[in-house]
Each structure stands twice: as structure tokens, then as C-alpha cells.
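Student: Could you take me closely through a single part of this model, the contact between the two chains? I would like one connected account rather than separate remarks.

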Number of protein chains: 2
Amino acid sequence: MFFLVCTVSLLSSLALSSPVPDDPLFKHIDDHKHEYIQRLKEMVAIESDSSDPSKRDQVLQIMQVTKDYILQIGGKVEMAELGEQEFSPGVKLPLPPVILAEFGNDTNKPTVCFYGHMDVQPAKKVDGWKTDPYILTEEDGNLYGRGTSDDKGQVLALLHAVESVKEFGLPVNVKLFIEGMEEVGSNGLEPLVEKKKDTFFSNVDYIVVTDTPWLSTKPGITYGARGNCYFFIEVDGARRDLHSGGFGGTVYEPMSDLIYLLGTLADVEGKILIPGIYDDVLPLTEEEKELYKDLVFDLKDLKRDTGVETFLHSTKEELLMHRWRFPSLSIHGIEGAFSGSGTKTVIPAKVIGKFSIRQVPKMNPSVVEKQVVSDYLENKFAERKSPNKMKVSMVIGAQPWLANMGEPQYLAARKAVKRVFNVDADMIRAGGTIPIAKDFEDILGKSVMLLGVGGPDDAPHGQNEKISMHNYIEGTKLYASFLQELPSF
Amino acid sequence: MFFLVCTVSLLSSLALSSPVPDDPLFKHIDDHKHEYIQRLKEMVAIESDSSDPSKRDQVLQIMQVTKDYILQIGGKVEMAELGEQEFSPGVKLPLPPVILAEFGNDTNKPTVCFYGHMDVQPAKKVDGWKTDPYILTEEDGNLYGRGTSDDKGQVLALLHAVESVKEFGLPVNVKLFIEGMEEVGSNGLEPLVEKKKDTFFSNVDYIVVTDTPWLSTKPGITYGARGNCYFFIEVDGARRDLHSGGFGGTVYEPMSDLIYLLGTLADVEGKILIPGIYDDVLPLTEEEKELYKDLVFDLKDLKRDTGVETFLHSTKEELLMHRWRFPSLSIHGIEGAFSGSGTKTVIPAKVIGKFSIRQVPKMNPSVVEKQVVSDYLENKFAERKSPNKMKVSMVIGAQPWLANMGEPQYLAARKAVKRVFNVDADMIRAGGTIPIAKDFEDILGKSVMLLGVGGPDDAPHGQNEKISMHNYIEGTKLYASFLQELPSF
């Protein structure tokens, strides 16, 4: 059994390992492997959980340690202070500063700025970790520990890449923008980007986000994300909750109106029934279709992972297109109704139904808002002739994001993948929103790309988070190759 | 302004006060008014909150004090022990004993058994009480305090009635069945009734529950209650909750199926859409219709109380019939979906929709169950062709209750109302269930009646619970008259 596992693991590692064993850059990286692991171990040991006020000093510490390491490998660093955060009334904590670093400032070279973060999600051994989440543990080719994949491991892979390429001469200017509050909503980040637009970011040509997983064991480059238009339908009846004994059969029940409205949104197959909603969806081109063909993605794995037996689509292409490039509608729940276990004979007085539409290019949130609110739900409710009060509001209107894959940084990244892994990169998107990508693009007007080295099963927010040794080391080579390839495009 | 209020109050009190001022029974009661208030004050001061483990000693105390008072006025008392209650794991508390009392044992006289309870709902001044809930406070003709209406005041009105009638000779045997756990579900009561069926209850002819309000300021006698068939619709999809970004548009969402099913249950006007559901509803007779004509009930008051502007019915007759004698369906809520404030982009994996049907005579819960589950919802779901798993279950199937108003105790109660108030009693029903009435009827096979003296606005489970002085004293006369009138029927 052990032999078999070994063989499979060797084969898969051979299949994906560097096709150029004599590449001196790769040799340099391979030679420093143990150092890289040691450095990850040191970073993982710092419990930089940004959600826990008692660990804020460790978040400050990780930013300091990261800064020191950047200085050590020859970068220049500015720490941008963000002030204080009011954690709970009266409890103020210092916000960790953002690292703004720079390697090189040659106006003849292109400048690429990488984004990453050094804070982590909460983790406790008792939550079901096999090992101490803050002690890096190597097992079966994986490195277990909180932050190994999200995002300490990815940031370190990048730093080791910069360090390695420097040995051979850095052909690009590299900037780093590394924060410590990503896991709790990137406090203060947007104003900082705005503030640094004409200074730190003024000469930046490309933005690369190093905080993303691949779709499979094959490297992936993320070029788009869906948006999110989140709606509340509020139906208001009596002044207070009523008892179904005393009032059942005598009042127009708000829940009944809400259920009716929610029931008009989509059919059993998930097709959105709101007229016009699909009008602005970008048509699928042959070229785009082509991108889906070679994606490594197995529905069987997805079934095993989720316990879902039948998906809405039976091929990987259809399924991924509906995750990435077609809109969807989900009903999340109802606020104000009975939601406990057991029974309660209440007629809720005011209920708020919550649903969202994952919209895609070129759907405009304000158009979606009009289609949903005034063109559809308000009419549906008027037709129903209920005397209850109804109000629909769009509480989130996050834009989708779609990059131009013809930009030099995409071409360079694809070439780097080919160079390191001898395969064509999976060109992938995210089904959810990626606020940081959209923010960078909107504020700076620069081309953004997500080039991460996380694996698809790293469990970044779960128990037993890991990064595979393969992803960590070959990922370092990927970033290094990207830096070397970029000037050619 | 004060004058006006005074006048109205005087007029209404004149209109409803005793038409026989020289009745020696009534004079006796009026003469003891201050004593009765003093006794209520003593009882209210005992914080017999059965839901609070730290107050269990006071529940035990109220049962003891009540027993002592019954002995003092010449009753015989047995305390039926109920053992212990496991409050939380490892915390056992003694259950208060039930008082089984008896006044007279003459086989030539009819025997009436009254049910009441001496425990109360929780109450804290900080919850919004104007006065200390455990200090009886007289204000504007009302007696404020926890338990004044529910049910200490009603039990005391009865005991004072028994005491008063005894002065003139008790023409009936009186039994009392008084518990101390009503507010938390009458622990141990049903087995006790079963156990005492052939002893304490063997010679009982009539059961009267003294724990109910009137519909208005006019005295009411309750002769029926609706039942409750409570259903869970469980829809099961993935093994775990999914993110709407990663899975929206790719899975059959359980919420979508549930919303669809809940939407097929009733129309906007509350009409139940389940075939056959109205088949067994007793037809409305002319005689029954007549009972609704003189009910004192103003929709304006109901609008003011609830904030509802438009009810499903515009006349008091229609509205009350739909509260009391027609079935209704209410959707209470959903377990398992997002129910918090704010936004969450979840696709809930397993959701349980909860609704209930208030069924009426002669609707049988097991027939309703079949109509809802296998004849309707299972078919609707099959037609929808969703691969999710769906299960409907009826978790409560409480029978409706309807008494025969031709029974002597009803005739005696109506005569007593006429004698004390010079009006015809409102013959009323409850929209909710009255488990105690149904239990007594089912176990003992005796005729049950609800004759309470609570007012419609006493707020029995709310802040500032009160009983009006009028209801307390004239209610005592009502019970006293009932005892005197009963043998004539």
C-alpha cells in the first residue's frame, strides 16, 4: 500500500516538476528549500490572528518580522500606519501598519506590485486540528499549519522568488504591498491605496495578488470574479408578532407575502425569472470556450466533497461556466421569522427575506437593481393586493471583475507556468467576489491578475490548513520565472 | 378631562354592576372586598415563577399558603405529590404538589370541580413594569401585579365565592384541582388526572376551568377551542452549507424547493389550497350564527392594539368566526437558513420550514396529516423534479375542542352572568388550543367549561399585568351565583 501511494505521488510529482532540471534559477531555489521551510515555520509560529484582540501584538510582530526579512534581502521598506481600530466600545487597538516595499527603481524596467497579507484566520487545536496549528508540521509531502496557504506561504514563496532572481539580476522593479488585516476586512486599506495612488503606485504597471488557490493540482491564473447584488425584501404587517391561535385566519401574514415574492425569483433549475436579467451577460465566444477544455476539474471530486449527488450541470465546462461566467440567484434566509428548533406558533410581524444575484460582466449593479426592484418585485407585490407594506433594497452592489488576458502580465504568467510545470495554465475565475482586485483596478486603473500558489484542497479557513511542499517550492519557481519573463512581453 | 373620564367610567360601571343591590350574597361579597384585595396582595407577594429554578421554594410556598386558606374556609385538602423535575442535567427540583380539595360530599348534590393554578409567568420591574410586579398596586380601578389575572386573582375570586356561598349553605359539592406548574407546561398533570380518575374525579359531574379571559368588558363563557396540526417540511441538499460564490448556479438549492412548497399552501387571502382541507369543517348553523350577533367586539380596538390596518374580514362576526370556527394556516419560519441581521452569502444545506393548521371540529388531525403530507406536498415536490431530499412530518396534532352548550353547567353559568351583570353572556371560543380542557374531556369524559373572570386587556403574560377591581369583585359574585344556580339545571 505504501509502495503504491509512493509511486503515484512520485509519478504526479514528476509529471508536474520542472522540465528544465539544469535551470540555475530552479537549482538555486531547490538548494534553499530547507531554509524556506524553516522561514515558514518561524512565520507560522507567530499567531497573527487579526480577529482576536488578545493576539494583536502578534499581528504587529509578524509585520515587523516580515519587514526585517525584506530589508535583509535588499528591499527598501516604508511602514504605512493606519491608526487605531475600535474593537468594541472603549477597546482601541493599534492597526498593524501596511508594508510598502520596493526592489529597484529603474525607469527602463517595468514595475510590478504584489499584494499579500500576513494575518491569519483563527485556529485552535480543539477545533479539530490533528497538529498544533501554530507549529509547522511536515507530513506526507504537506506542510500543515495556520497560514501555510493563506497567505504566509504564498507571500514567502514570492519573497524567496525575489531573493533568488536577485542573484541573477532582477529584470523588473518589484513593489510589495503587504497588509495585516485581510481576514477581518482589510481595515483602512482602500483609503491607503487612494492616498498612495500618485506616489507609491504612480510607476506601477501591473498588480499581482498572491492570495488565491488553483482549481486543481495544475497551476491556475485567475482573471475574473463574479459580483454580488444582495437584496433585502422587507414585509411589514402588525406592530408586534401575533399568536397564530388568536390571529390565524384574520390577518394578511407578512411571511405569506414574502414566501410568494421569494418564490417568483428563480425556477427549480436555478434560472432567474426576472425579465432582462440575462440581457447584458457577455456572450460566450469560441475562444473563451476553448479555455474550459483543458481545465483539470472532476465532478466526482466535487460530489465527494459536498455530498451533492446531482448538480445542475453534468459536464465540467457547463458547471464551471455557471460558477464563473453566468449569473446565479441564491436565497439565503429570512430575518424576523421563527428560526429556532422546535415549534413556535408565531405569526411574525416583520420579516426580511435575503437573496443575492451573482452578476457577471457586463451586468451593471444599478441596472440589476432596477430590474429586480421597480420592474419586477414591486409589480409582483402590487398584483398580489396585500395590504402589508413591502420594501426591496439592494444592500450590496459589488461589481464583477474581468481582466484583459492579453495584458503582458498574463502572457508572462502563462509562459512562467509552462516553463516551470510544462503544462498550459488553467485560466480560471472566482465564483464569488474578489474585492481587492476590483478595488485596485478601480482606484489605480491598472491591470490586475491573481497568481497564487495555493492548492485546491488547502482548507485555508478550515482545520488542518496546509500547503503542499510541491506547491510551496514549485510555486517559488513560478513567481521567480514570472519575474524573469515579464520584461519580454 | 378628568371629569369626562370619570363619567364614562361610572356609566360603564353602572351598566355592568349588579342589578340586584339587595342580594344578600352580593352584599356579603361587597362587605369583604378589602379582605379579598388584602389576600390577593399576600398571594402576589409570593414570587411563584415556575420557570425560575431559584424561585421553586416560592412555588412550593404558594401551594402551602393556598392549602392553608382552603383549610381555613372549611375545605378538606389532599396534596398530591408529583416527584422531582430535572431542570437541567444534574439539577433536580421538587415539583410543587397539586391541591385536591373538597367542600361537601353529599351524594344528592351535583359535584363541580374547578381547575386553576397558582404559579406565574416571569416578571421583572426592569422589563418595563410601572410598578413592582410582586407588590399589588391599586390604580384607576385596577389591581396591578404578576398573577392578578393569570391565575391567582381568578382562583381567589373562586375561593371567596365558595366561602361566601357557604355562609348561605352550599347547594353543590365543590372540588378544587389547583396546580403550580401551569406556566411551564403542567408537568405531571395528565398522569395525575388519569390516576385520580376513579377516586377524586369519580363523582365529579362538571369541570370548570377558571383560567381564561373574557372577550370584552362583558362576561364571556368559553365553549370551544381550535386545534393545532404543526408541520415540518425538511429539505436536504449538500452535506454542508455552501458558499453562494462557489456554488450559486450549480446546485439545486434546498431553500428554493422549500420556498416553492411553502408557497403552495395558502393564497393571499389566507385560503388554504390543500384539497379536501375544508371538507370536515362543521357547517355554520343559524343558531350558531345568532351567538355572534351580540358579542361585544370592536375591530377598531383590535386595529389599535395590533397596528394592523386591514384585516382579512371586515365585520366582527366574520373575523371572530375565522378566529374560532374556521381553520387557518400560518407559516412560522425556517430553521437552518440564515436568520441573523446583515448579509451572509450562504446556500443553506438543510432547511426546515415550519407551518401549522389551526383545525376545527370535525377535522381529524390524522386526516389533515394525510391531506397535507402524502396527498399534497409529496406530490408537489415530486412534480418539481428536484434531486434534493424532502420529508414532511406532523410534529403536533392537537385536537380542537367543542363543548355541548346545552349541558347544565353552561345553562347555570349563563344564568349567573344574567343575575350578576344583567346581560347575556358572550359565548366565546379560543383561537388557540386549550390543552387542559381537551385533556379533562378526553381522560374523564366529563363536560368541561371555561368560566374565567379575566379582562381582555389584562396582559397576563406581559408587563403591567392587572385585573380590574370590577372583574375581581363582580367575578367573585359570578362564581358565587354559578354555585347557587347549578342545582336548578
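Tutor: In this predicted model, the contact draws 75 residues from chain A and 75 residues from chain B, and the area buried between the two chains is about 5500 Å², with carbon and sulfur atoms giving 55% of that area. Across this interface there are two salt bridges, one of which joins Arg240(B) to Asp305(A), where the closest N and O atoms are 2.8 Å apart. Polar contacts between chain A and chain B amount to 39 residue pairs, counted where both residues have pLDDT 80 or more. On the side of chain A that touches chain B, the largest share, eight residues, is supplied by strand β13 (residues 328-335) of chain A, and sorted by class that side holds 27 nonpolar, 30 polar and 18 charged residues.

A single residue, His313(A), lets us follow the contact in detail. His313(A) sits in the loop between α10 (299-306) and α11 (316-324) of chain A, and it counts as buried because its relative accessibility is 12%, below the 20% limit for that class. A polar atom of the His313(A) side chain lies 2.9 Å from the backbone oxygen of Gly249(B). Leaving aside residues up to four places away in sequence, His313(A) touches Leu299(A), Glu318(A), Leu319(A) and His322(A) in chain A, together with Gly249(B) and Thr250(B) in chain B.

The arrangement of the two copies completes the picture. Two copies of a chain are related by a rotation about an axis and a shift along it. Here chain A can be laid on chain B with an RMSD of 0.2 Å by a turn of 180° and a shift of 0.1 Å along the axis, and therefore the relation is that of a two-fold axis. Within chain A, the C-alpha nearest the axis belongs to Ile259(A), at 3.0 Å from it. The same surface serves both copies, since 100% of the contact residues of chain A recur in chain B.

For a setting beyond the interface, the structure holds 54 salt bridges over all chains. Among them, Asp426(A) and Lys218(A) meet through their side chains at 2.8 Å, N to O, and this pair links distant parts of the chain, 208 residues apart, with Asp426(A) in strand β18 (residues 426-430) and Lys218(A) in the loop between β9 (206-209) and β10 (220-225) of chain A. Both Asp426(A) and Lys218(A) are buried.

How values were computed
Residues numbered from 1 in each chain as written. Chains lettered and ligands numbered in written order. Predicted model: local features only at pLDDT ≥ 70, side-chain atom pairs only at ≥ 80, totals over all residues. Heavy atoms only, no water. Contact = heavy atoms within 4.5 Å. Buried area = accessible area lost by both parts, 1.4 Å probe. Salt bridge = Lys/Arg side-chain N within 4 Å of Asp/Glu carboxyl O. Polar contact = N/O pair within 3.5 Å; in protein donor to acceptor, adjacent residues only side chain to side chain. Helix = DSSP H or I, 4+ residues; strand = E, 2+ residues; numbered from the N terminus. Nonpolar A, V, L, I, M, F, W, Y, C, P; charged D, E, K, R; others polar. Buried < 20%, exposed > 50% of the residue type's maximum accessible area, 1.4 Å probe, protein only. Least-squares fit on C-alpha atoms with pLDDT ≥ 70 in both.
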